[in-house]
Amino acid sequence: MANNITLPPNLQDKIHTDDDAIKAASTDYGRIITQNPVAVLFPSSVEDLKTLIGFSFNSSVPYTVAAKGRGHSVHGGAMATNGVVVEMTSLSKNGSNKIVIGGDKASGFYVDVGAEQLWIDVLNATLQKGLTSVSWTDYLYLTVGGTLSNAGISGETHLKGPQINNVYELDVVTGKGELLTCSKQANSELFYAVLGGLGQFGIITRARIVLQPAKAKVKWIRMLYTDFDTFSKDQETLMAVNERSSGEILNFLEGQLLMDPNSLDFYPREDRPRIAYLIKQYGILYVLETASYYDDSTKHSVDKKLHQLFKSLSYLSDIYSKNVTYVEFLDRVHTGELVLHENGLWDVPHPWLNLFTPKSGIQAFNNGVFKKILLKQNFTASTFLVYPIWDDNMSAVIPDEEIFYTTEFLLSSGFNNWQVFDNINKEILEFCDKAGIKVKKYLGYHDSKEEWINHFGSKWKTFQDRKNQFDPKMILSPGQKIFN
Ligand code: FAD
């Protein structure tokens with residue numbers, strides 16, 4: 001018995017209620033919300049998860065359960081007030097869930113991976129066999145279960161779809177405590193529900209992920225623009241060419257706003273004063289970012305193809321490029337993380353806002369948000385185009401338009417002033433509302449059930465029906481505040 005809930009006696013050794021365990025499970029990367037669970041489970045097997053959830057399901061007073069990957073949510077998504085948080089990474093400690101590569105050249109390769117594993121470990125393990133996942137996130141110290149519960153997006157999404165599009169099969173412990181294997185063919189309703197499902201329908205314990213042959217090197221390129229229309233037109237051109245050529249030339253396409261003259265490390269030293277001057281003159285520069293993966297056999301042709309491809313674009317005078325290893329490129333955000341850790345700037349509040357903005361509203365978004373709200377505050381953002389190679393059966397929500405942009409305002413603040421930043425996020429959302437730009441939040445939270453219903457739109461009924469089917473007692477993922 002912990003507080004007023006009764007927990008499975010046979011998990012006693014693995015359930016912790018000490019201050020350290022509770023504290024670690026009561027906060028997340030956002031550092032905005034604090035919610036104490038009653039207890040924390042450190043599972044050593046999938047059986048432990050079945051026992052924990054099954055016990056709650058069969059109890060007259062069910063307790064809530066939240067799977068926590070690395071707690072990189074920003075608004076309490078992996079928390080469970082007065083419930084039980086499951087520290088998923090504990091599953092990897094006894095090696096019960098390894099990273100196992102399967103398949104063959106003819107039918108395609110895949111990797112079976114425990115959902116508690118970090119993507120960086122998946123990358124390192126698969127590269128040993130010359131293979132790699134086809135769709136990544138910009139940051140790799142996230143769990144497989146955590147990103148599959150959202151979508152998992154980056155510069156490969158326009159070509160390969162988000163990570164949730166590149167899964168063959170899942171093992172899931174549902175809200176009834178049953179372990180089911182699901183795929184597009186078997187238990188498909190559960191499969192689609194769980195992908196992008198914010199942890200509402202079950203805890204993923206294993207994912208079978210699509211692999212492809214890896215290349216060793218990356219040509220990483222940035223081009224600068226002063227005009228948003230030209231920048232977005234060029235992004236679309238590249239996207240269309242890329243689609244036609246099945247991504248033979250560009251493997252990755254993103255974009256950013258450049259507003260800080262002190263963040264010019266990527267660019268040659270001799271060009272930095274000129275770029276800083278342009279920032280001063282225009283306030284915002286738009287950066288088109290691409291990456292092309294290559295190896296010894298394609299080393300010479302890649303430059304030629306890129307030269308040809310970029311000929312029709314309208315960037316400012318120069319193309320800035322670097323040759324880096326594949327791992328250096330994919331793990332690029334971690335380098336920045338280490339610097340932030342060193343300076344005590346990683347574990348601070350993160351009042352983030354991530355939006356999917358439909359193409360029809362992106363010009364107005366640039367004028368109202370980038371050029372007015374952001375420039376006034378001198379905050380930066382990244383933005384890139386996404387084609388919805390997105391299976392609409394899945395739970396993840398996107399705008400109701402063929403093409404949309406993802407726009408990320410990844411803000412950090414002090415412990416006492418995150419509300420100031422949060423108010424800016426509200427100002428951005430209010431602007432979109434007034435301007436009729438039908439944005440959808442990614443990784444977002446909503447304050448009320450009505451807002452969630454509005455978020456899911458035409459998908460709400462399916463989402464609710466699936467909840468009733470797979471977690472009828474509303475046990476799972478209470479921190480998202482959708483049903484609890
Ligand atoms: P958690 O935050 O622990 O969990 C997230 C949600 O999933 C919770 O609701 C939790 O209950 C649920 N959950 C966790 N594990 C499971 C499981 N096994 N089964 C079912 N539900 C589960 N996202 C992108 O798409 N692209 C990016 O490029 C990207 N970059 C990021 C960079 C940084 C620095 C950070 C902090 C986040 C980034 N994210 C990105 C967001 C990331 O996808 C989310 O934070 C996500 O929640 C993964 O984090 P996590 O593994 O710590 O999961």
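Here are some exercises with worked solutions on the predicted model shown above.

**Exercise 1. Find which residues lie closest to the ligand, and work out how the ligand is held by polar contacts and how much of its area is covered.**

Solution.
- Step 1: Start with the shell. The ligand is surrounded by 35 residues, and the closest are Ala67, Gly69, Ser73, Thr143 and Tyr442.
- Step 2: Sort the shell by class. You should get 15 nonpolar, 17 polar and 3 charged residues.
- Step 3: Ask where the shell comes from. Strand 3 (65-68), helix 4 (144-148) and strand 10 each give at least two residues to the shell.
- Step 4: Look for polar contacts. An oxygen atom of the ligand lies 2.5 Å from a polar side-chain atom of serine 73. The side chain of serine 149 has an N or O atom 3.1 Å from a nitrogen atom of the ligand. With isoleucine 153, a polar backbone atom is 2.8 Å from a nitrogen atom of the ligand.
- Step 5: Finish with the area. On its own the ligand has 950 Å² of accessible area, and the protein covers 95% of that.

**Exercise 2. Take the salt bridge between arginine 208 and aspartate 112, and say which parts of the chain the pair ties together.**

Solution.
- Step 1: Check the distance. The closest N and O atoms of arginine 208 and aspartate 112 are 2.9 Å apart, inside the 4 Å limit for a salt bridge.
- Step 2: Place the partners. Arginine 208 belongs to strand 10 (residues 202-213) and aspartate 112 to strand 6 (residues 108-114), so the pair ties together parts 96 residues apart in sequence.
- Step 3: Check burial. Aspartate 112 has 14% relative accessibility, so this residue counts as buried, the limit being under 20%.
- Step 4: Widen the view. Salt bridges with shared partners join Asp112, Glu169, Asp171, Arg206 and Arg208 into one network.

**Exercise 3. Decide whether glutamate 289 and arginine 222, and then lysine 376 and glutamate 427, are buried, partly exposed or exposed.**

Solution.
- Step 1: Glutamate 289 and arginine 222 form a salt bridge at 2.9 Å, N to O, and both residues are buried.
- Step 2: In lysine 376 and glutamate 427, the closest N and O atoms are 3.3 Å apart, and the pair forms a salt bridge. Lysine 376 sits in helix 12 (residues 362-377) and glutamate 427 in helix 13 (residues 418-435), 51 residues apart.
- Step 3: Lysine 376, at 58% relative accessibility, counts as exposed, while glutamate 427, at 29%, counts as partly exposed.

Technical notes
Residues numbered from 1 in each chain as written. Predicted model: local features only at pLDDT ≥ 70, side-chain atom pairs only at ≥ 80, totals over all residues. Heavy atoms only, no water. Salt bridge = Lys/Arg side-chain N within 4 Å of Asp/Glu carboxyl O. Helix = DSSP H or I, 4+ residues; strand = E, 2+ residues; numbered from the N terminus. Buried < 20%, exposed > 50% of the residue type's maximum accessible area, 1.4 Å probe, protein only. Near = heavy atom within 4 Å. Polar contact = N/O pair within 3.5 Å; in protein donor to acceptor, adjacent residues only side chain to side chain. Areas by Shrake-Rupley, 256 points an atom, 1.4 Å probe, with all protein chains shown as cover. Nonpolar A, V, L, I, M, F, W, Y, C, P; charged D, E, K, R; others polar.
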